[in-house]
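Got the viewer open? Here is a short tour, one selection at a time.

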Amino acid sequence: MVEPSLSIKGLRAGYGSLDILNGVDLDVPQGQFVALMGPNGAGKSTLLKTLYGMTTVKGGSINWQGKDISALKSRAILAEGISWVPQGRCNFPVMTVDENLQMAAYTLRDSKVKAERDYVYDLFPILKTRRNTLAGNMSGGEQQLLEVAMAVLQRPKILLVDEPSVGLSPTAIGIVFDELLRINAAGQTILLVEQNTKKAMAVAQRAVILRLGKVIWDGRPADITHDELGELFLTGRMRGETDVEQ
């Protein structure tokens, strides 16, 4: 059995006095593509932000490669090999693609920056062709790929991706998800939050469903139908089951 690189036990977290996560348990092995899904307010994005040191942890633990990182700040977590792709457009629109990647390399030594940019261009050839284009002049799909590239430039061991399909056309969504699938096939661990359940279930090896700040289902996408998924979103239970304890 593959040991989890990321092991979350009884995690409680939120913002100030507001609790959002109410005892999350989740293991993510190295190399796996995991989709986090659930209704609005389930705690999906909060979980990613907590893993990246951006919320108040109230209890439980986050064990990353044998080390408890629940008290670390974002800069230290990035240094541990965890990168985050936030929801929405977070690039610098009046800077070129190449300048954006230079900004993303702010934690690297100057001697390594060119090599890491070249590494990203090899991963995402479409960005290489656009390297001198202002980020704000690119399509939504290309901008989202740039967001992913800026995170991947840090050579993360796990990539946290929050709602990459927001605001994109169906064609752009397909391009972004194809690229995520491709880098996962090359060995990149991905923890994805996504409301487009059909697309997420098509690319992920595992689906984890949150409701009211708890994991209520964890398994292979092939083991749950879209009707059952909707039932879980609405009621917290599968058909024929009693209510999941809240």
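Let's begin at a boundary with something missing: the search for salt bridges across the interface of domain 1 and domain 2 comes back with zero. Keep in mind throughout that this is a predicted model.

To see that boundary, colour the two domains. Select 1-27 plus 45-70 for domain 1, then 205-241 for domain 2, as the domain assignment has them. Their C-alpha centres sit 20 Å apart.

Now show what touches. Nine residues of domain 1 are in contact with eight residues of domain 2. About 530 Å² is buried between domain 1 and domain 2, with 57% of that on carbon and sulfur atoms. Which residues of domain 1 lose the most area to domain 2? Select Asn22, Val24 and Leu26: together they make up 56% of what the domain 1 side buries.

What does the interface have in the way of polar contact? Three residue pairs turn up across domain 1 and domain 2, both partners at pLDDT 80 or more. Next, pick strand 2, residues 18-29: this strand supplies eight residues, the largest share of the domain 1 side that touches domain 2. By type, the touching residues on the domain 1 side split into five nonpolar, two polar and two charged.

Zoom out and select 6-237. An unreviewed UniProt entry annotates this span as "domain: ABC transporter". Residues 6-237 are 38% helix and 28% strand, and the end C-alpha atoms of the span lie 26 Å apart.

Last stop: salt bridges again, this time over the whole structure, where the search finds eleven. One to put on screen is Glu116 with Arg155, whose closest N and O atoms are 2.7 Å apart. Where do the two partners sit? Glu116 is in helix 4 (residues 110-123), while Arg155 is in the loop between helix 6 (140-152) and strand 7 (158-162). The pair therefore links distant parts of the chain, 39 residues apart.

Definitions and conventions: Residues are numbered from 1 along each chain as its sequence is written. This is a predicted model: local features need pLDDT of at least 70, side-chain atom pairs count only at pLDDT 80 or more; totals for chains, interfaces and linings use all residues. Side-chain values use heavy atoms; hydrogens and water are left out. Domain bounds come from an automatic or database domain assignment. Contact means heavy atoms within 4.5 Å. Buried area is the accessible area (1.4 Å probe) that two parts lose on being put together, summed over both. A salt bridge is a side-chain nitrogen of Lys or Arg within 4 Å of a carboxyl oxygen of Asp or Glu. A polar contact is a pair of N or O atoms within 3.5 Å; within protein, one must be able to donate a hydrogen and the other to accept it, and residues adjacent in sequence count only if both atoms are side-chain atoms. Helices (H or I, at least four residues) and strands (E, at least two) are DSSP runs, numbered from the N terminus. Ala, Val, Leu, Ile, Met, Phe, Trp, Tyr, Cys and Pro count as nonpolar, Asp, Glu, Lys and Arg as charged, and the others, Gly among them, as polar. UniProt positions are given in the numbering used here, feature names are shortened, and annotations may be inferred rather than shown by experiment.
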